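Visitor: I'd like to go through this one with you and ask how each label was earned. Can we start with the pocket?

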Amino acid sequence: MADSVALDPIDLQILRLLQNDARTTYRELAAEVGVAPSTCLDRVTRLRRSGVILGHRLSLDPARLGRGLQALLSVQVRPHRRELIGPFVERIRALPESLALFHLTGPDDYLVHVAVTDMADLQRLVIDEFTSQREVARVETRLIFQQWECGPLMPPAASTGDR
């Protein structure tokens, strides 16, 4: 587990603002948090170097790209051995339909978030890319009706002992 990084209120405010809009300029950030633009740049650079900020992502609307149906696939791999896991993970990550892949505890080994064109495309994906693989013992499909973004992600509040 990675060590947490000490963050002051200005760092936290910068992180909150950047998570809401990663395109915010240093000048705009600095004005919002009440520091000089050069100080703001130094703080963001430190947050990147320390690994708190991992990168910047572009969010796309799968429906506007012709992938209007999203699903979560619960996948059980048997046997669950390291020599099968690596190739399985790389194959799933390489699929153009895959949005996210999670390695889990419990009865299912993986949860795969996919975006496909329609039900026939989802059926093709499950049969051709998942259940046709020898190591895949079971796939359970759940359609996603609606999705919301959450956040911004912030560190846990310091415990005051008042619980």
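Guide: Sure. This is a predicted model. Its largest pocket has 43 lining residues, and Gln 19, Gly 55, Arg 57, Glu 149 and Leu 153 are the ones nearest the centre. The volume comes to about 2100 Å³.

Visitor: What makes a residue part of that lining?

Guide: An atom of the residue has to lie within 4 Å of a pocket point. For the largest pocket, 43 residues make the list.

Visitor: Which element gives the most to the lining of the largest pocket?

Guide: That's α1, with 5 residues. Helix α1 (9-20), β2 (98-103) and β3 each supply at least two.

Visitor: How do the lining residues divide by character?

Guide: Into 24 nonpolar, 13 polar and 6 charged.

Visitor: On to aromatics. How many aromatic pairs turn up in the whole structure?

Guide: The search finds 1. The ring centres of Phe 88 and Tyr 110 are 4.9 Å apart, and the cut-off for a pair is 6.5 Å, so they qualify.

Visitor: Why is the pair called tilted?

Guide: The planes of the two rings sit at 45°. Stacked needs under 30 degrees and edge-to-face over 60, so the pair is tilted.

Visitor: Where in the chain do the two partners sit?

Guide: Phe 88 is in helix α4 (residues 82-94) and Tyr 110 in strand β3 (residues 110-116), so the pair links distant parts of the chain, 22 residues apart.

Visitor: Why does Tyr 110 count as buried?

Guide: Buried means under 20% relative accessible area, and Tyr 110 has 1%, so it counts as buried. Phe 88, at 0%, is buried too.

How values were computed. Residues are numbered from 1 along each chain as its sequence is written. This is a predicted model: local features need pLDDT of at least 70, side-chain atom pairs count only at pLDDT 80 or more; totals for chains, interfaces and linings use all residues. Side-chain values use heavy atoms; hydrogens and water are left out. Rings of Phe, Tyr and Trp (its six-membered ring) pair if their centres lie within 6.5 Å; planes under 30 degrees apart count as stacked, over 60 as edge-to-face and the rest as tilted. Helices (H or I, at least four residues) and strands (E, at least two) are DSSP runs, numbered from the N terminus. Buried means under 20% relative accessible area, exposed over 50%, partly exposed in between (1.4 Å probe, protein chains only). On a 1 Å grid over the protein atoms alone, a cavity is a set of points where a 1.4 Å probe fits but cannot get out, and a pocket is an open set with protein on both sides within 12 Å along at least five of seven lines; lining residues have an atom within 4 Å of a point. Grid points are joined across faces, edges and corners, and a volume is the space filled by probe spheres set on the points. Ala, Val, Leu, Ile, Met, Phe, Trp, Tyr, Cys and Pro count as nonpolar, Asp, Glu, Lys and Arg as charged, and the others, Gly among them, as polar.
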